[in-house]
Amino acid sequence: MMTRHRAQHSARRHLPRSALALGIVVALTAITGGAAAAVTTTQDDPSRIAATERVSGPQFLSGTDVEVAGSVDGDVYAAGQNVTVSGRVTGDVIAAAQTVTVTGEVAGNVRLAAQGVVLSGTIRRSASIAASTVSIVQSGSVGEDLVAAANTVSVAGDLRRDARLSVDRLTVAGTIGGDVVYVSDHTAQIRADHVDGSVQHVRPNSTTDRPTAGEAFASWLVSLLYALIALSLITLAAGLLVPRQLIRVTDRLRAAPWKAALVGFVAAVAAPPALLLLLVTVIGAPLALVGSLVLLLLTLAAFPYSAFMVGRLVLRDRRGPVVTALLGGAVLVVALHIPVLGVLVTVMTIVLGLGAQLLDIADARPWERVVRRTDVRRGESITATPGGAGRI
């Protein structure tokens, strides 16, 4: 009995998070995988593989209506408004669309993110789905497991192994060869003789799992100590390894805080949509991935820079870089863990830190150094000008 209770508690805690992670992973896999797969696509129509075609994968398909009616030896990545797989795919199908319909045969797994998903064909392995509605009709079958996060799930076909679901309404009129674990506020409509294994219903709003005030405070205190230690180590390393860099960037922030805030805000708001736009194009996808990595590194670096700036303001530059970084990091961590104030501090930290770094990069003009080196290698003379490098 105790084992069953622990299993329920574990499922209750982890399944909702797994459902959210599933949707994110499926969407990212469809985008990034598609960018790589585009190189091997050979069809004239990028949204359709005709019934008479036999191609090797991986294949990347995109368009309003995407159809895989032929045979694909490998994986299929699809993105569009409507995606239909009526042919045979020997690998996996990864798709993001408004509606996804599988009427053919998929020898591998399916990983789908959509508003509505209908499986009426044969899935030889597992199905991982994030959608509003998921329907396995009577003619449909999944050879292994079903993991889904959806508003409604209907299983009228054949599921050979286990089902792990985060769902509002669940109906099982078909057969399930393994166990069913579902997180829902409502009891599923399942006939006992349709499930070979056990059925476990986890209610997410159970009051017995709500932490007490003491437990909530202890959790907050532990997270505060963890963050304090982690950021202290980072700021300590920064103070030891790059003290001049910390001083230079925070000098820029101190000299023009409003300019840094404006630059950081524009970068934080405009950069993600621009990178996403590049990502969906074949030519710009590599540049978008590099840009995303650079933006992530600059955003993470904003915290130690902001911590050092706080330390300089508190100590008024009367201590060395290491002590300044440690004290500033401690003050910043405490502020980040105060309700409501922590959100404002996080936004200010990212915006100001990001803006100060971009201004420092603009002052350094590394692109002009590249131009100078290139010209020197070519044997051309260089004359310095107030605005940068010039050639004669």
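A: Start with a definition: two strands count as paired when DSSP finds at least two bridges between them. Keep in mind that this model is predicted.

Q: Which strands pair with strand 13, and in what sense?
A: Strand 13 covers residues 133-136. Strand 10, residues 116-119, pairs with strand 13 in the parallel sense, over 4 bridges. Strand 15, residues 146-155, also runs parallel to strand 13, and 4 bridges join the two.

Q: What is the bridge partner of Ser135 in strand 15?
A: The partner is Ser154. Toward strand 10, Leu119 has Ile136 of strand 13 as its bridge partner.

Q: Which residues of strand 13 lie on the covered face, and which on the uncovered one?
A: The general idea comes first. Side chains in a regular strand alternate between the two faces of the sheet. Here, Val134 and Ile136 make up the covered face of strand 13. Thr133 and Ser135 make up the uncovered face.

Q: How do I read a pair of packed helices?
A: Use the angle between their axes and the distance between the axes. Take helix 4 (residues 257-279) and helix 5 (residues 285-315): their angle is about 155 degrees, and their axes lie 7 Å apart. Angles over 145 degrees count as roughly antiparallel, so helix 4 is roughly antiparallel to helix 5. The crossing of helix 4 past helix 5 is left-handed.

Q: Which residues make the contact?
A: Helix 4 supplies Ala271, Pro272, Leu275, Leu278 and Leu279. From helix 5 come Ala285, Leu287, Ala288, Leu289, Gly291, Ser292 and Leu295.

Q: How many of these are nonpolar, polar and charged?
A: In the contact of helix 4 with helix 5, 10 are nonpolar, 2 are polar and none is charged.

Note on methods:
Residues numbered from 1 in each chain as written. Predicted model: local features only at pLDDT ≥ 70, side-chain atom pairs only at ≥ 80, totals over all residues. Heavy atoms only, no water. Buried < 20%, exposed > 50% of the residue type's maximum accessible area, 1.4 Å probe, protein only. Axes fitted to C-alpha atoms, helices over the stretch in contact; angles between N-to-C directions. Parallel < 35°, antiparallel > 145°, perpendicular 65-115°, else oblique. Left-handed = near helix turned anticlockwise from the far one by under 90°. Contact = heavy atoms within 4.5 Å. Nonpolar A, V, L, I, M, F, W, Y, C, P; charged D, E, K, R; others polar.
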